[in-house]
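Trainee: Could you take me through one part of this structure slowly? I would like a close look at a single residue and then at some of the helices.

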Amino acid sequence: MIGASAADEVLLPGVRVWLGRLLADLDNGRSCLWLLPRKVLDDRGRADRLLDDVLHELSDFVLVPPDAPPARDPARSLAPARPPAPGRWSGLAPVPDSDDGLPDLPAPAVRLAPSAHDEPEPPRPPGPAEALAGLLERLADELRFTGRAATGPDPTGDVLARLTGGSSGTAETRPVVVRAWREPVPSAAAHLLRRLVATAKEAGLPPRRRPRALVVASTDDLPTGLPDQLAREDIAVHWWWGTTGRLDTATVVALARPLLAATTERQRVHEAVARATITEVCGPFLDVAAALARRWRDGSPETLAPALHDLLADHPEPAALPPHRAQGGHRPDESLLAAWNAGTVDSWDGSLRRHPAHDLAHGQTVAARVWLAQNHVLLPLLDDARDQLTATVRLRARVPLARLAQDYGPRREPGTAPEPAGSAVDLMELGGMWSAHCDGAVALTATERRRLRTLRQARNRLAHRDHLDGAQLQRLVEELCS
C-alpha cells in the first residue's frame with residue numbers, strides 16, 4: 001500500500017516557490033482563488049496542511065469556516081437560519097450586479113395550505129444568493145460586526161460595504177480565507193470573490209488597502225468556466241499544477257531510500273542510478289516515489305516493473321487521456337480536468353506526466369524512463385572515462401598522432417582549419433579509439449581493451465535509446481570505478 005511521502009510536502013523547493021507566488025499576490029492586495037485537485041482535498045487533511053503553511057506566513061487572517069465555530073447569536077442573523085420552503089421568497093432582493101454570476105431569485109408565489117395527508121417536504125438546499133448571504137453572515141460573526149443591524153433591500157451588499165469600510169471608514173485588510181470544500185455550497189465562496197473585488201473597486205480603495213479573500217476549492221465545486229472568468233476580473237487564479245519538479249521528487253526519493261551498509265564508489269554509482277530511475281519513473285507522484293524508493297532495494301532494471309506492479313496492485317489504471325495533450329503551462333487543459341482532479345495527471349518540469357499505473361500498461365514508456373535516468377547519471381561518467389582513455393591512446397599509438405587524428409578523430413567541416421594533432425586526439429570518441437585499436441593503429445593491453453570495449457558498448461547502447469540491463473550495468477560500473 002502506498003503511504004505518505006517521506007518528505008514533508010510543504011518543505012519541498014517547488015512547493016515553497018509555488019506558495020510564495022500565492023503569498024506575494026495576497027501581500028500585494030489581490031484576492032486569490034486556489035484550485036486543488038479533488039484528490040488532494042479528500043486526502044486525509046493534506047489540503048489543511050498546505051493551507052496551514054500559508055496561514056503561518058500571514059500576520060493575521062479570518063478563517064471560514066472556523067475550526068471551532070462560535071455560538072450563534074440570533075440578534076445578528078442576516079439571513080434565515082433555515083432555507084425557506086420551495087417557492088417562497090427568501091427575503092433578499094435580487095443582487096443588482098448583473099456580472100456576479102448569480103441567477104435571479106424566484107418570484108413570490110402563493111402556496112396552498114398543506115393537506116393532512118401530504119408528506120412533509122424535504123428541506124431544499126439554499127440557492128446561490130441564499131448561500132452567499134449565509135456565508136457572509138458567518139463571516140460577519142467572525143469579524144464581530146456590531147452596531148447597526150443589517151437592514152435594507154440588500155443585506156449581502158451591506159456586509160460587503162462594511163468590509164470596505166463603508167460604515168466605519170476603516171476597510172478590513174486581513175485576508176479572508178474560505179475553505180470552500182467545507183462550505184454547504186462551495187460555489188458561494190467564488191461568488192464572494194467576485195462581489196468583494198467589485199465592491200472594493202467601486203469604493204476606490206488602493207490595492208493594499210482593499211479587503212481581499214483567498215478561496216480554496218476544486219473545479220468540481222465551481223461552475224464550468226468560472227476560473228477563467230475570475231482571472232479576467234483581476235482575481236489571481238492559482239492552479240495546483242506543475243508545482244513540483246525533478247528536484248522535489250529526487251529529495252523525496254533520497255529521504256525514503258534505506259541507508260547504504262557501505263559507501264564504496266561502486267555502491268554510490270549503483271545507488272545514483274537507482275535514485276534517478278525512481279525519480280524519472282514516478283515524476284510528480286511523490287507518494288509512489290517514496291513507496292518505490294523503500295521497496296525497490298536492489299536497483300536492478302529487471303526487478304523494477306514487478307516492484308511497481310506489486311506497489312500499484314490495488315490502484316486502478318487511470319482512464320485514457322484525450323488525444324490533445326497540453327504541455328506545461330500554468331493550468332491543466334479543459335480536457336484533462338477529470339484526470340487532474342483524480343490525481344492521475346500533472347505537469348512535471350514542463351512535460352505532461354501520467355500516473356505510473358498508466359505507464360505500467362505501456363511497457364515501452366517505463367523502459368524509456370529507465371533509459372533517461374541512466375543517461376542522466378552515466379553519460380557524464382562515460383565522458384570522464386573517455387577523457388582518461390585519451391592519455392592511454394597517446395601512449396599506445398603506433399602511428400604519428402597527426403595521422404591518428406586524421407584517420408580516427410572527429411570529422412571536420414569542409415574548409416575549416418585542421419586542429420593540432422594533440423587536440424584532435426583529445427577529441428576522439430570511444431568508437432574512434434576502438435576502430436584505431438582494431439586496425440592496429442593503437443596497441444592496448446588486455447585490461448585496457450576490455451575497459452574500452454565495455455565503455456564503447458554502453459555508450460552505443462545509450463546512444464540508440466536503449467537502457468542497460470542489470471548485467472551490462474554491473475560491468476560498466478566495475479570499469480568506471482576500477
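**A close look at Arg-331**

Mentor: Happy to! Arg-331 lies in the loop that joins helix H11 (301–311) to helix H12 (337–341). Keep in mind as we go that this is a predicted model. Arg-331 has a relative accessible area of 14%, and because that falls under the 20% cut-off, this arginine counts as buried. Now look at what surrounds Arg-331. Leaving aside residues up to four places away in sequence, Arg-331 touches Asp-228, Trp-239 and Trp-241. With Asp-228 there is also a polar contact, made side chain to side chain at 2.8 Å.

From this loop, let's move on to helix H10, which spans residues 286–295. Seven of the 10 residues in H10 are buried, so the helix is mostly covered. Try finding them in the model: they are Leu-286, Val-288, Ala-289, Ala-290, Ala-291, Leu-292 and Ala-293. What do these buried residues of H10 pack against? Their partners are helix H8 (246–256), helix H9 (265–282), helix H13 (356–360) and H11, and H11 is the helix on one side of the loop that holds Arg-331.

Finally, have a look at helix H4, residues 128–143. H4 is mostly covered too, with 13 of its 16 residues buried. From its first C-alpha to its last, H4 reaches 22 Å, close to the 22 Å expected at 1.5 Å a residue. Just after H4 comes Arg-144, where phi is positive, near 55°.

Terms used: Residues numbered from 1 in each chain as written. Predicted model: local features only at pLDDT ≥ 70, side-chain atom pairs only at ≥ 80, totals over all residues. Heavy atoms only, no water. Helix = DSSP H or I, 4+ residues; strand = E, 2+ residues; numbered from the N terminus. Buried < 20%, exposed > 50% of the residue type's maximum accessible area, 1.4 Å probe, protein only. Polar contact = N/O pair within 3.5 Å; in protein donor to acceptor, adjacent residues only side chain to side chain. Contact = heavy atoms within 4.5 Å. Expected span 1.5 Å × (residues − 1).
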